[in-house]
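Welcome! Take a look at the structure below, and then we can walk through its pockets and its cysteines together.

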Amino acid sequence: MKIAVLGAGGWGTTLAILLNQNGLDVTLWEFNPEYAKTLKEYRENFYYLPKIKIPNTIAITNKLEAAVHGKNLIVIATPTQFIRSSLSELSNFDFKDSILVSVSKGIENKTHFLVSDILSDVFKKVKKKNLLCLSGPSHAEEVSKKIPTAVVCAGEDNSKTKIVQKIFSNDYFRVYRNDDLVGTEVGGALKNVIAIAAGISDGAGFGDNTKAAIMTRGINEIMRLGLKMKARKETFFGLSGIGDLIVTCASVHSRNRSVGEQIGKGKKLPVILKEMKMVAEGVATTKSAFELSKDLNIELPITHQVYNILFKDKDPHKATELLMKRNLKEEN
C-alpha cells in the first residue's frame, strides 16, 4: 500500500506520521515549495505541529503529480476552500482504482459542494465508490502525541471503508465505518459553525447553560440540514456528529471555537484571520451553510446569527437576544 497525503498542515502531517508508523509507504505533499524544503531539511512542521518529528522514511515533495503517481490511497488534507484551486492540475489524472480519503471538513463557497462533491467535480476520472471521508473528534495536537482517539470512515463501498479502517487503525487511533458519506461530511462541516457560536458565547461572557444550549440545538440544526440532503439521522449521534461537535465546541485546540471567542470579546474577523497561521474552516462554511439554508428553505437559526455576527458585524449580545426571543415551540 503506497499512500500520498496532500496537505502538510497539522492534520495532514499527523496522519502521514501515523500511517508511516503503521508500516506504510507515505509521501507528504506541501503546496509551498519553500516550506516543503523546510520540512524536508528540519523534519519538523514548525508552523502547524511543533516538536513532533517527521520520520526520515516519509518522502516530502512539492510536486503534486509525482506525489500521487502510483499511489493506492490518497489522503486529501487540503482546506476545503483551496481544494479546487490547489489540486486542479490533477483534473485529468488517471487515478485508476486509487481510494481518495478526505479529511477536510467544510462546504465550498458558491457551489455549496461537500468535499466529496468537489473531488468528483475536479477529478474527472475518480470513481464515486472510491471517494471516502475520515471524520470525528480528532485534534492533530492530541493524535500526534498518541492520545487515544476514535473516528469514523464513511463511503458507499463497504469493502473500501474496511481497507481504510484497517490501515489507519492502531493502538491509539481506532476507526469505525459507515456508509453515510453525506451525513458524515455534513456533521464534520457544520460542527465548525456551531463551535464558532460556542466560542462567541465564551468570549461574550455567557455561561455553561448557554454553551450547552448552543451545542444541543446546534446538533439539531446539523441534523436538519443533513436530513434535507438525504443523510441518515443516526449518523449525527455518532463520532462525526455529536462526538466531533463536543470536542470542537469545548477544546482549547479548536481554531473555530477560538475565532468565536475572540469575536465575542470584540475583536473583528479580518484582524483575527490575518493573525492566524491555520485555517478555521467554519468561517467560510458559515457563509455556505447560510446560503444553502436559503436554497433549501430550512431554518438554521444559530447558523444565521453566526453569519450575521461574522459578516454583518452584528453584536453577539443582540444576536443571542434574538435567538432567545424566537417564537416558542416544541423541542424537536
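## Pockets and cysteines

The largest pocket encloses about 980 Å³ of space. Its lining is made of 41 residues, and those closest to the centre are Gly9, Ala77, Pro79, Arg255 and Val279. Keep in mind that this is a predicted model.

Which helices contribute at least two residues each to the lining of the largest pocket? They are α1 (10-21), α4 (80-87), α6 (140-143), α8 (181-203), α10 (239-250) and α11 (255-264).

The second largest pocket is lined by residues that include Arg217, Ile302, Leu323, Met324 and Arg326, the ones nearest its centre. Here α8, α9 (208-228), α14 (301-311) and α15 (316-324) each give at least two lining residues, and α9 has the largest share, with seven.

Here are the two pockets in a table.

| Pocket | Volume | Lining residues | Nonpolar | Polar | Charged |
|---|---|---|---|---|---|
| Largest pocket | about 980 Å³ | 41 residues | 16 residues | 17 residues | eight residues |
| Second largest pocket | about 640 Å³ | 27 residues | 14 residues | six residues | seven residues |

Now for the cysteines. A disulfide is a covalent bond between the sulfur atoms of two cysteines. How many disulfides does the structure hold? The count is zero. Cys153 has its closest cysteine sulfur in Cys133, at 6.9 Å, which is too far for a bond, because a disulfide needs the two sulfur atoms within 2.5 Å. Cys249 is in no disulfide either, as the nearest cysteine sulfur, again that of Cys133, is 19 Å away.

Are Cys153 and Cys249 buried or exposed? Cys153 is buried, at a relative accessible area of 0%, and Cys249 also counts as buried, with 0% relative accessibility.

Conventions:
Residues are numbered from 1 along each chain as its sequence is written. This is a predicted model: local features need pLDDT of at least 70, side-chain atom pairs count only at pLDDT 80 or more; totals for chains, interfaces and linings use all residues. Side-chain values use heavy atoms; hydrogens and water are left out. Buried means under 20% relative accessible area, exposed over 50%, partly exposed in between (1.4 Å probe, protein chains only). On a 1 Å grid over the protein atoms alone, a cavity is a set of points where a 1.4 Å probe fits but cannot get out, and a pocket is an open set with protein on both sides within 12 Å along at least five of seven lines; lining residues have an atom within 4 Å of a point. Grid points are joined across faces, edges and corners, and a volume is the space filled by probe spheres set on the points. Helices (H or I, at least four residues) and strands (E, at least two) are DSSP runs, numbered from the N terminus. Ala, Val, Leu, Ile, Met, Phe, Trp, Tyr, Cys and Pro count as nonpolar, Asp, Glu, Lys and Arg as charged, and the others, Gly among them, as polar.
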